[in-house]
Amino acid sequence: ALAALCYHFGRYLLIASSRPGTQPANLQGIWNNNMNPPWDAKYTTNINTEMNYWPVETGNLSELAEPLITMVKELTDQGSQVAREHYGARGWVFHQNTDIWRVAAPMDGPTWGTFTVGGAWLVTHLWEHFLFTRDTGFLTDIYPVMKGCVEFFMDFLVEHPNGRWLVTNPSNSPENPPKGPGYKYFYDEVTGMYYFTTIVAGSTIDMQILKDLFLDFKAAADILHKDVEFTTQVTTARSRLVPSQVGRDGMLQEWTEDYGQLEEKHRHFSHLYGLYPGNVISLRNTPELVEPVKKVLEQRGDGGTGFSRGWKMALWARLNDGDRANSIFKGYIREQCYPSLFAKCVTPLQVDGSLGVTAGITEMLIQSQEGIIELLPALPEEWKEGRFEGVCARGGFELDMQWKEKRMTRLVLLSKAGMPCRVNAQGIKDVLNRGTSVVFTVMADNTVVFETTAGESYVVEFDQ
């Protein structure tokens, strides 16, 4: 019941702080009460702003993504100027922080300011909105934003010295400093403090975000029948992005070079973006990377800030370990959550952790990132019985689901876009539409596929 309450609290936060026509939810949502707020109550886009919107589509709040979508469109104005004047590149770029004036240039010193993929990460949210709605009118509207982002990186990428790979340069892995030769403290005149530099070439998160961005762009271009020649160039460039690498310690590398980590318990999981929220690493498609990813998670531990624990819940859920995700959730409640359910980040509240927990709970119960609706992929032992109503999946589906003794007992699926539906769950016996059986195909992996009509509901029956 406490997990359900936290889930609904996250939905409440978005409903209250991200209405269409308003500003997006920032670090404190609308709950900042200081004239000089922590981190200026900005939009920090090396994790925080993105995490605020992780549950917006699955949580059946798709219309509340409008403020974020509008902000991304507006960022292309100054972003185009920065791309041209700062980098001599086409398109637009945005870094790790912006505000109501939509500033796009690097800021806050080189340790943070060299994060050039903040805009690219936000663009993946635009594509996700399309995947959940299948609204081609929306896709047509945001296609120039996607293309401009891709154009920038096609100009920005440079060859790695090995001649095979393409890398971003400069780059960093938020906000963890590498432990390697030449990395030392520097004095930041902006803050008046000493920091350890994080600047590298081709950080793992950069490569993973760009792999998603380039693939999403090609899919969008194919749907809209645009830019055939350019998408061929983009696909070629994607094939040259640095592949996922395993370091000498057996962990997924955080950087192109096999550096050690200065902060082994760091709160960010930047190089695991590809597992969640990205779609570069998975149990199904990259099994060879599962153990290296788990070693990273084990090393970083289950503690940390509110946003860190929300992210860990979703990461373990993507690895189908619901008990570990549930254990982290309990630790979050005990140690990193105010009685009001707002998440802590050191001492001030931040809404990202509360929203990240909502997203993590969703990933434990339903996933759809690989074209298959996975039911109860990471169900904890303690959640043997329950129901989840109104949750959304990619492809334009809304689901009411029930389970008992950890097995699905009922599923009602509303098709909003008329897309084919592919479901993975034990014991599917029949699919009904208006009381009549629907033809379905059982695939080699035991998933079930059937055609749908927009606006129609389908009842999936299970063996009892």
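A disulfide, for our purposes, is a pair of cysteine sulfur atoms within 2.5 Å. Chemically speaking, it is a covalent bond between the sulfur atoms of two cysteines. With that in hand, have a look at the model above, which is a predicted one. How many disulfides does the structure hold? The count comes to zero. Take Cys 6 as an example: its nearest cysteine sulfur belongs to Cys 337 and sits 5.6 Å away, so with a cut-off of 2.5 Å Cys 6 is in no disulfide. Cys 6 is also buried, as its relative accessible area is 5%. Cys 149 is another buried cysteine, with a relative accessibility of 1%.

Now step back and take in the whole chain. You can pick out 12 helices and 21 strands along it. Is the fold compact or stretched out for its length? The radius of gyration is 22 Å, while the globule rule gives 23 Å for 464 residues; the two values are close, so the chain is as compact as a globular protein of that length. If you drew a box around the C-alpha atoms along the principal axes, its sides would be roughly 70 × 55 × 50 Å.

What about the inside and the outside? Of the 464 residues, 58% are buried. The chain still exposes about 19000 Å², and carbon and sulfur atoms supply 51% of that area. Contacts also link parts of the chain that are well separated in sequence: among contacts with a separation of 6 or more, 65% are between residues 24 or more positions apart.

Gln 350 makes a good stop for a closer look. You'll find it in strand S10, which covers residues 349–350. Is Gln 350 buried or exposed? It counts as buried because its relative accessibility is 3%, and the cut-off is under 20%. Its side chain makes a polar contact with the side chain of Asp 352, at 2.6 Å. Leaving aside residues up to four places away in sequence, Gln 350 touches Leu 27, Gln 28, Trp 39, Asn 48, Ala 343 and Cys 345.

For a last stop, go to Gly 247, in the loop that runs between helix H8 (228–239) and strand S8 (260–261). Although it lies in a loop, Gly 247 counts as buried, at 11% relative accessibility. With residues up to four places away in sequence left out, Gly 247 touches Gln 253 and Asp 258. How far is Gly 247 from Gly 260? In sequence they are 13 residues apart, and in space their C-alpha atoms are 9.1 Å apart.

Key
Residues are numbered from 1 along each chain as its sequence is written. This is a predicted model: local features need pLDDT of at least 70, side-chain atom pairs count only at pLDDT 80 or more; totals for chains, interfaces and linings use all residues. Side-chain values use heavy atoms; hydrogens and water are left out. Helices (H or I, at least four residues) and strands (E, at least two) are DSSP runs, numbered from the N terminus. Buried means under 20% relative accessible area, exposed over 50%, partly exposed in between (1.4 Å probe, protein chains only). A polar contact is a pair of N or O atoms within 3.5 Å; within protein, one must be able to donate a hydrogen and the other to accept it, and residues adjacent in sequence count only if both atoms are side-chain atoms. Contact means heavy atoms within 4.5 Å. The radius of gyration is taken over C-alpha atoms; the globule rule is 2.2 Å times the number of residues to the power 0.38. Accessible areas come from the Shrake-Rupley method with a 1.4 Å probe; for residues, only the protein chains shown count as cover.
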